[in-house]
Amino acid sequence: MTNPLPNTFTVDVEDYFQVTGFADRIRATEWDHFESRVVENTHRMLRLLHTNHTRATFFILGWVADKFPQLVRDIRDDGHELACHGYWHRLIYNLTPEEFRQDLRQSKAAIAKAAGIEVRAFRAPSFSITKATPWALDVLMEEGYEIDSSIFPTRHDRYGIPDANPAPHRIENDNSKTLWEVPPSVAKLGKLNLPAAGGGYFRLFPERVSATLQRHVVSRGRRPLVFYIHPWEIDPDQPRLQGRWSSRFRHYHNLHRTVGRLERMLKSLPFGTIGDLAKQAEEQFIRQGLGTESNTGDLAIDRSPMVVDAEWHSSNELLPSENQPHPIPGQLTRPTG
């Protein structure tokens, strides 16, 4: 039996006024006019992770890295993995390939300048790599990225590919460049892919429902949990912005409950970084001799990519029990560095 791929805890580092839900009201040129809370909230997230001996991957907005370089160094110095979230938080399907490439380069340069680290993992703002933007994966590979976590196998009004492969898988393009796609977690119930990955779903769903969906992913789906959260989601005192009712509901609902839910989840499940997951998946891929096999997988793109699921075996002692969502903690790994 191969070793299990680690559950993955990720943080999308952006401020409350930079989210897509308010982009129709707030332009990027106006960001400097708002009270920034990303430093305080991210430090609070760092303390929460440290207390629970958890290493995470931080997908950092390039604008934040340029504005607050010490914050990027603080994340690095706490032993976490740095990754890219774009520079201007622009949806990929609103960009041309060249505009996307320039945004990638600008954000990568900002993070490298702040922390002296070349990032190799990317997550699109609002998971906006969809069936309309298959070229984005090629651009990522050409720009040296090895990991992507942008394709959400669910249905949403702004993102998602409902029939995409929900497991971590390897993609190869026509130029033999490769990329590990690590989708946010979904629990398949009948024909539905229900998000179990965190974010707004973690706040909007009842806590027991979230725990049940997470258990479904790791036990029945035999996949690692890929979880995400934003620093502003642990800040119930943030300023209230004007916007559509749906955007305000998604953004503000249950902010006061997020920290408690995170603490209970972190005591129930061990997590690592997305780099940990991809490294172990690649090792399994090589060991199993799958390097010459290819198939099209579920992602509909125009170049017959190689898509091979990484094997993952669940461990029952790491799962919430059926009767209570948060049992005694399993064995956790203390951060290094």
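Select Arg 101 first; this residue belongs to helix α4, which covers residues 97–115. The model on the screen is a predicted one. Arg 101 is classed as buried because its relative accessibility is 15%, and the cut-off for that class is under 20%. Now display what surrounds the side chain. Apart from neighbours within four places in sequence, Arg 101 has contacts with Val 139, Glu 142 and Glu 143.

**The salt bridges**

Next, colour the acidic and basic side chains. Side chains of opposite charge can pair when their charged atoms come close. Across the whole structure, a search returns 16 salt bridges.

Begin with the pair formed by Arg 264 and Glu 207, in which the closest N and O atoms are 2.7 Å apart. This salt bridge connects distant parts of the chain, since Arg 264 lies in helix α9 (residues 258–268) and Glu 207 in helix α7 (residues 207–220), with their positions 57 residues apart. Arg 264 itself is partly exposed, at a relative accessible area of 36%.

Return to Arg 101 and add Glu 98, Arg 105, Glu 142 and Glu 143 to the selection: salt bridges with shared partners join these five residues into one network. Two of these residues, Glu 142 and Glu 143, are also among the contacts of Arg 101.

Then select Arg 37 and Glu 35, whose side chains form a salt bridge with an N to O distance of 2.9 Å. Which partner is buried, and which is partly exposed? Arg 37 is buried, at 13% relative accessible area, whereas Glu 35 is partly exposed, at 45%.

Move on to Arg 76 and Asp 77, another salt bridge, for which the N to O distance is 2.9 Å. Here Arg 76 is partly exposed, with a relative accessible area of 28%. Asp 77 is likewise partly exposed, with a relative accessibility of 42%.

**The hairpin of β6 and β7**

Switch to a cartoon view and select residues 169–172, strand β6, together with residues 178–181, strand β7; the two pair in the antiparallel sense over four bridges. To follow the pairing, select His 169, whose bridge partner in β7 is Glu 181. Five residues lie between the strands of this hairpin, and Ser 176 has a positive phi near 65°. While the strands are on display, it is useful to recall a general point: in a regular strand the side chains alternate between the two faces of the sheet.

**The largest pocket**

Now select Arg 158, Tyr 159, Gly 200, His 230 and Trp 232, which lie nearest the centre of the largest pocket among its 28 lining residues. The space in this pocket is about 460 Å³.

Which elements give two or more residues to the lining? They are α6 (199–204) and α8 (245–252). The largest share of the lining comes from α6, with five residues. Colouring the lining by class shows ten nonpolar, eleven polar and seven charged residues.

**The whole chain**

Finally, zoom out to the complete protein. Its secondary structure consists of ten helices and eleven strands. Of its 337 residues, 58% count as buried. Among contacts with a separation of 6 or more, 76% are made by residues 24 or more positions apart. The tour may close on the pair Arg 264 and Glu 207, which links distant parts of the chain.

Conventions. Residues numbered from 1 in each chain as written. Predicted model: local features only at pLDDT ≥ 70, side-chain atom pairs only at ≥ 80, totals over all residues. Heavy atoms only, no water. Salt bridge = Lys/Arg side-chain N within 4 Å of Asp/Glu carboxyl O. Buried < 20%, exposed > 50% of the residue type's maximum accessible area, 1.4 Å probe, protein only. Pairing = 2+ DSSP bridges. Contact = heavy atoms within 4.5 Å. 1 Å grid on protein atoms, 1.4 Å probe; cavity = no way out; pocket = protein on both sides within 12 Å on 5 of 7 lines; lining within 4 Å. Points joined across faces, edges and corners; volume = space filled by probe spheres on them. Nonpolar A, V, L, I, M, F, W, Y, C, P; charged D, E, K, R; others polar.
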